[in-house]
Amino acid sequence: MRIARGLAALLVGSMAVGVLAAAALAPGALAASVATEGAVGGFEGMPATLPADGLVGPSRILDASGHLIATPYSEDRVVVPLDRIAPIMRRAQVAIEDSRFYDHGALDLRSLGRALVATADGTIEGASTITMQYVKLVLESGARAEGDPAAERAAVTQQGMAGVARKVDELRYAIRLERTETKDQILAGYLNLAYYGDHAYGVQAAAERYFSVPASRLDYVQAALLAGGVRAPSATDPLVHPQAARERRDVVLERMAQLGVITPEQARRGEAVSIASMLHPSRPQGTCAGSPEPYECTYALAWLEQDPALGGSPAARLAAVDRGGLTIRTTFRPGLSASVRSVLDSRVPVGDPSGVGSAAAVVEPGTGHVLAIGQTSRFSGPGATQVDWAVDRADGGATYGFQSGSTAKLFVLAPAFAPGVPETATVDAPAAGPSFAATVTPAENTDSCRGWPDWRVYNDEVWRGGPISLWQATAQSVNTAFAALTTRVGLCHVLSTMRALGVHQGDGTPVPPYPTVALGAASVSPVTLAAAYAAVASGGTWCRPVPVTSVVDATGRAIPVPGADCHRALRPAVAAQVADVLQAPLVDPRGTASGLGLPGRPAAGKTGTTDSHAQTWFVGFTPQLSTAVWVGTPARPFGMTDVTIGGRFYPGVYGSSIAAPDWHDIMTAASSGMPVEPLPTAGGARR
């Protein structure tokens with residue numbers, strides 16, 4: 001049966017290739033006959049160009065000022081014109097691949113017989129011309145660019161009737177290509193598309209990768225090594241298989257000598273050169289791992305993976321970025337992420353044996369622009385992680401985010417002020433402390449969110465019960481006061497405020513309707529909290545955090561990117577009241593972050609510490625910047641009590657211990673040179 005299939009494939013392939021061979025020799029005379037007889041189906045009706053040119057260079061990710069952050073790729077390729085490829089490289093490739101390239105058309109009839117040999121399983125064998133090989137590379141490259149694995153498999157299949165059909169398609173395109181492009185143009189395309197091993201696509205990338213020289217400076221021995229590797233680039237990769245690479249190089253040198261490209265003496269001298277002495281490899285810096293800002297790179301890529309304008313599927317969108325020659329302008333402020341990392345590392349060193357980590361995100365109020373992210377981890381190497389702790393899972397972040405602790409009290413304050421309650425208002429806070437709880441009973445069940453049971457609430461410090469002002473409750477972060485306030489304003493209003501300010505869990509799901517979320521039980525990302533607090537700084541306008549402002553393709557065409565969707569989330573008066581009260585933790589003598597404000601610059605914010613001290617926060621803002629700092633346990637949650645971090649012992653880690661000082665230092669550096677602007681203010685009394 002397998003032999004029969006092979007014979008059938010041979011018969012059909014012979015007929016098809018025979019017709020196309022005739023077309024290659026006299027396409028004008030045969031075109032009408034082919035179309036009429038339908039032998040291979042519409043020669044003149046085939047597309048004028050290949051499905052993809054395959055020669056678009058890698059994309060570039062730039063910061064907000066246009067400086068290069070990364071050149072992401074899975075195929076390292078730099079497209080160069082033929083005059084920037086050493087003539088000896090061109091001649092070496094032609095010598096070993098298709099020595100009569102400049103003498104024949106799309107087909108070389110001398111080798112056509114080999115192209116029609118069928119094995120018992122129907123595999124089509126034989127030496128193709130450079131034009132046909134170029135067509136094959138373009139078809140494969142185009143399929144990859146579409147992000148379609150099935151199309152890619154179809155483009156490279158060799159088996160049976162599918163192999164025949166693919167070979168016929170390649171021949172048809174090759175014939176057309178020979179009629180529309182010069183030999184030099186075809187050779188340039190081939191040299192820029194061919195894979196030379198170790199992720200190097202195209203001769204320029206290969207010359208840099210193996211020899212640290214441009215393709216224009218290749219000598220004849222280097223050219224022979226590269227030209228020989230195209231047939232089996234993985235098996236003859238000189239970095240991995242130097243002996244196989246040497247044997248193949250020597251075959252090329254001998255062929256070059258036979259054709260008079262070099263002399264026999266040059267061939268002998270070239271064969272005496274060891275592979276080790278030839279190699280001067282350089283590591284490409286285009287991947288996120290090679291970027292100075294790898295987490296910014298992965299954030300931008302993950303965000304673009306969700307942009308439907310780049311393709312119909314995540315795979316197609318990544319392929320468009322990977323190989324589309326795009327210019328991606330991000331929102332990241334030059335040098336700020338490095339400054340963030342330096343601050344974080346000063347208190348929680350990268351790879352600290354405690355297992356504690358920290359991360360931060362800086363967002364611009366009023367625009368949603370993410371100006372910086374950073375974390376205390378290695379992106380590659382021992383103990384590394386490529387999970388971006390600062391962002392949501394969809395953007396490359398942690399699975400669920402991290403519990404937000406008392407930073408969530410913002411979402412109780414805002415609905416409390418919405419009905420016009422003054423800042424001087426008080427709330428009756430039940431007595432509680434670290435070792436004894438208050439039982440908070442929900443108010444009468446007047447909406448669907450109040451059907452929750454009695455709530456046991458602890459305070460970090462003892463509160464003996466009684467009325468407390470909202471200012472003081474915020475300064476001291478009295479949990480029982482905010483639990484009582486939640487029952488007064490209604491959990492539904494707290495949840496709707498969270499939604500209005502873009503708060504969702506790190507995995508993208510809504511915050512669950514449990515009263516504990518009012519005290520920080522929901523797990524969120526730093527960038528989500530920074531954007532929520534930025535809405536207060538901007539006077540009530542919330543903007544979705546965005547890391548990318550524009551994408552332009554290789555032709556200069558702008559590709560739409562999702563916007564920040566800025567809209568009114570809080571009334572200005574409410575935002576002003578919240579901003580007033582959130583100054584309390586920094587300026588009140590009893591505040592949880594007292595003394596960590598920004599001298600001479602109005603600022604507001606809130607500490608957060610979860611039960612058992614597993615996650616801690618400080619989130620705060622000025623009118624121009626909003627920064628969230630998280631310090632906690634990224635991999636295995638554990639209580640940060642009696643722990644040594646960065647060489648310092650902590651009986652218990654709170655939001656004020658590390659996160660708030662980090663916030664102070666990051667904001668001081670980020671605000672340098674900015675004008676001093678006032679926070680939104682309601683002019684309320686502080687108590």
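How many of the eleven residues of helix H8 are buried? The close-ups below, taken from a predicted model, start with this helix and then move on to sheets, disulfides and confidence.

**View 1. Helix H8, residues 183-193, is mostly covered.** Nine of the eleven residues in H8 are buried. If you would like to pick them out, the buried set runs from Lys183 through Ile186, Leu187, Ala188, Gly189, Tyr190, Leu191 and Asn192 to Leu193.

**View 2. Five strands make an open, antiparallel sheet in the order E5-E4-E18-E17-E16.** Strand E5 (370-375) and strand E16 (604-609) take the edge positions; each has a single partner strand, so one side of each lacks a neighbour in the sheet. From one strand to the next, the twist averages 5 degrees. As a reminder, strands of a sheet pair through backbone hydrogen bonds, in either a parallel or an antiparallel way.

**View 3. Strands E17 and E18 pair in the antiparallel sense, with helix H24 lying across both.** Seven bridges join E17 (residues 615-621) to E18 (residues 626-632). Look for Phe621, which stands opposite Ser626 in E18. Helix H24 (residues 655-671) lies across E17 and E18, and also across strand E4 (357-363) and E16. The helix runs at about 35 degrees to E17.

**View 4. A second view of sheet structure shows an open sheet with mixed pairing, ordered E2-E1-E3-E13-E14.** Here the edges are strand E2 (68-70) and strand E14 (558-559), each with a single partner strand, so one side of each is left without a neighbour in the sheet. E14 pairs with strand E13 (residues 548-552) in the antiparallel sense over two bridges. Within that pairing, Val551 has Ile559 in E14 as its bridge partner.

**View 5. Helix H14, residues 294-304, lies across four strands of the mixed sheet: E1, E2, E3 and E13.** Strand E1 covers residues 60-62 and strand E3 covers 327-330. Relative to E13, the helix runs at about 70 degrees.

**View 6. Cys288 and Cys297 form one of the two disulfides in the structure.** Their sulfur atoms are 1.9 Å apart. The link is left-handed, with -70 degrees about the S-S bond. Both Cys288 and Cys297 are buried.

**View 7. Cys543 and Cys566 form a disulfide whose sulfur atoms are 2.0 Å apart.** The torsion about this S-S bond is about 115 degrees, so the link is right-handed. Cys543 sits in the loop between strand E12 (541-542) and E13, while Cys566 sits in the loop between E14 and strand E15 (567-568), so the pair ties together parts that are 23 residues apart in sequence. Is each cysteine buried, exposed or partly exposed? Cys543 is buried, with a relative accessible area of 4%, whereas Cys566, at 38% relative accessibility, counts as partly exposed.

**View 8. Two stretches of the chain have pLDDT below 50: residues 19-49 and residues 118-126.** For context, the chain has a mean pLDDT of 85, and 82% of its residues reach 70 or more. Residues 19-49 have 46 contacts in the model beyond near neighbours in sequence. For residues 118-126, the model has 30 contacts beyond four places in sequence.

Definitions and conventions. Residues numbered from 1 in each chain as written. Predicted model: local features only at pLDDT ≥ 70, side-chain atom pairs only at ≥ 80, totals over all residues. Heavy atoms only, no water. Pairing = 2+ DSSP bridges. Axes fitted to C-alpha atoms, helices over the stretch in contact; angles between N-to-C directions. Contact = heavy atoms within 4.5 Å. Buried < 20%, exposed > 50% of the residue type's maximum accessible area, 1.4 Å probe, protein only. pLDDT = per-residue confidence, 0-100. Disulfide = S-S within 2.5 Å.
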